[in-house]
Amino acid sequence: MNRSLKVLVACEFSGTVRNAFLEQGHDAWSCDLLPDEGGSNRHIRGDVRDVLNQKWDMVIVAHPPCTRLCNSGVRWLEKPPPGRTREDMKAELEEGADLFSTLWNAPARHVAVENPVMHKYAKALIRGYQPPAQSVQPWQFGHPETKRTCLWLRNLPPLVPTNVVEGREARVHRMSPGPDRWRERSRFFRGIAMAMADQWPRWIAAHAPPHDALQ
C-alpha cells in the first residue's frame, strides 16, 4: 500500500491536481495568489515561495506563469506589444525564470514542473536547467483535445498514457478573447492530474526509501 505523501501543488487555484491527490488519500495542498475557486480549506493563498520549506514529500508545479518563457511569446522580447517596452519584457522574463528556478530547485525529493515549450533565452536564465523529461497531450488521458505540455521531472518517472482518445481539437487555443480566457487556458486537465496522483505515489512506494521527505 502507498504511504500518504505530503504534497504541495503550486500555482493552482482550481484544485484539480490537489483534489486528485486528496482522493488517493494524500495530504495535499494547493497554493496560489488567487483564492481557491471552490472555497477549499486545503488551499494556501499567498506566494508559494513562502511555504516551500515546510518539508513536502512532493512539489508539483501545476502551471506557473509562462507568458514570457514559452516559445509562442518569444516575439514580444524584440517587439513588445503596444504600451510596453523591451525593458518591461526583459523584467518579466527574468521574474518568470526566477520563479521557475525556485520551484524547480524546491527542497523536496520529488518535483514536477509543468510548462509549455520554452525558448532559449528562458532556458539560459534557469538555475540548474535540464530538458523536460517528457511532453504530454490531454488526448492521451481521456480528453479529446490537443495542448502540448512539457513536464520537468526530478526523481519522478514520465507519465504513462491512461486513455488515448480520438476527436483531438485545439479547443484551448481557439478560445475567443475575453476577461476569463487566461483562466480557462491555464486550467489543468483532470485526466492528467489523476494519472499523476495514481502513478507517481506508486512509483515512489516501489523505488524510494521509507521516510524520504527531506529533513
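## Overall layout

Helices and strands are here the runs that DSSP assigns, with at least four residues for a helix and at least two for a strand, and they are numbered from the N terminus. In this predicted model, the order of these elements along the sequence is β-α-β-β-β-α-α-β-α-β-β-α-α. That gives the protein 6 helices and 7 strands.

The protein has 215 residues, and 46% of them count as buried. It exposes about 11,100 Å², of which carbon and sulfur atoms supply 52%. Among contacts with a separation of 6 or more, 62% are made by residues 24 or more positions apart in the sequence.

## Confidence of the model

The mean pLDDT of the protein is 84, and 80% of the residues reach 70 or more. Confidence varies along the chain: strand 3 has the highest mean, 98, while helix 5 (residues 181–186) has the lowest, 47.

## Strand 1 and its partners

Strand 1 pairs with strand 2 through 5 bridges, and the two run parallel. In this pairing, Leu8 stands opposite Trp29 of strand 2. Strand 1 is also joined to strand 4, by 4 bridges and again in parallel. Here Val7 stands opposite Met58 of strand 4.

Strand 1 is largely enclosed by the rest of the structure, because 4 of its 5 residues are buried. In a regular strand, side chains alternate between the two faces of the sheet.

Strand 2 has a parallel partner in strand 3, with 3 bridges between them. Ser30 stands opposite His43 of strand 3.

## Helix 1 and the unit around it

Helix 1 takes part in a β-α-β unit with strand 1 and strand 2, and this unit is right-handed. The helix spans residues 16–23, and its buried residues are Thr16, Val17, Arg18, Ala20 and Phe21. An α-helix has 3.6 residues a turn, so residues three or four places apart point the same way.

What covers these buried residues? The cover includes strand 1 (6–10), strand 2 (27–32), strand 3 (43–45), strand 4 (58–61) and helix 6 (190–207). After helix 1 comes Gly25, with a positive phi near 90°.

## His26, after helix 1

His26 is found in the loop between helix 1 and strand 2. Is His26 buried or exposed? Its relative accessibility is 5%, so it counts as buried, the cut-off for buried being under 20%.

A polar atom of the His26 side chain lies 3.0 Å from the backbone nitrogen of Leu5. Beyond its neighbours within four places in sequence, His26 is in contact with Arg3, Ser4, Leu5, Val7, Phe21, Ala197 and Pro201. Of these, Phe21 is one of the buried residues of helix 1.

## Other buried loop residues

His119 lies in the loop between strand 5 (110–115) and helix 4 (120–125). Because its relative accessibility is 3%, His119 counts as buried. The side chain of His119 reaches the backbone nitrogen of Ala122 at 3.1 Å.

Phe189 is in the loop between helix 5 and helix 6. With a relative accessibility of 9%, Phe189 also counts as buried. Phe189 and Gln137 are 52 residues apart along the chain, and their C-alpha atoms are separated by 9.6 Å.

## Positive phi outside glycine

Most residues other than glycine have a negative phi. Which residues have a positive phi although they are not glycine? Cys11 is one of them, with a phi of about 60°. Lys55 is another, with a phi near 55°.

Cys11 is placed in the loop between strand 1 and helix 1. At 10% relative accessibility, Cys11 counts as buried. Lys55 lies in the loop between strand 3 and strand 4.

How values were computed: Residues numbered from 1 in each chain as written. Heavy atoms only, no water. Buried < 20%, exposed > 50% of the residue type's maximum accessible area, 1.4 Å probe, protein only. Contact = heavy atoms within 4.5 Å. pLDDT = per-residue confidence, 0-100. Areas by Shrake-Rupley, 256 points an atom, 1.4 Å probe, with all protein chains shown as cover. Pairing = 2+ DSSP bridges. Right-handed = clockwise from strand over helix to strand, strands pointing away. Polar contact = N/O pair within 3.5 Å; in protein donor to acceptor, adjacent residues only side chain to side chain.
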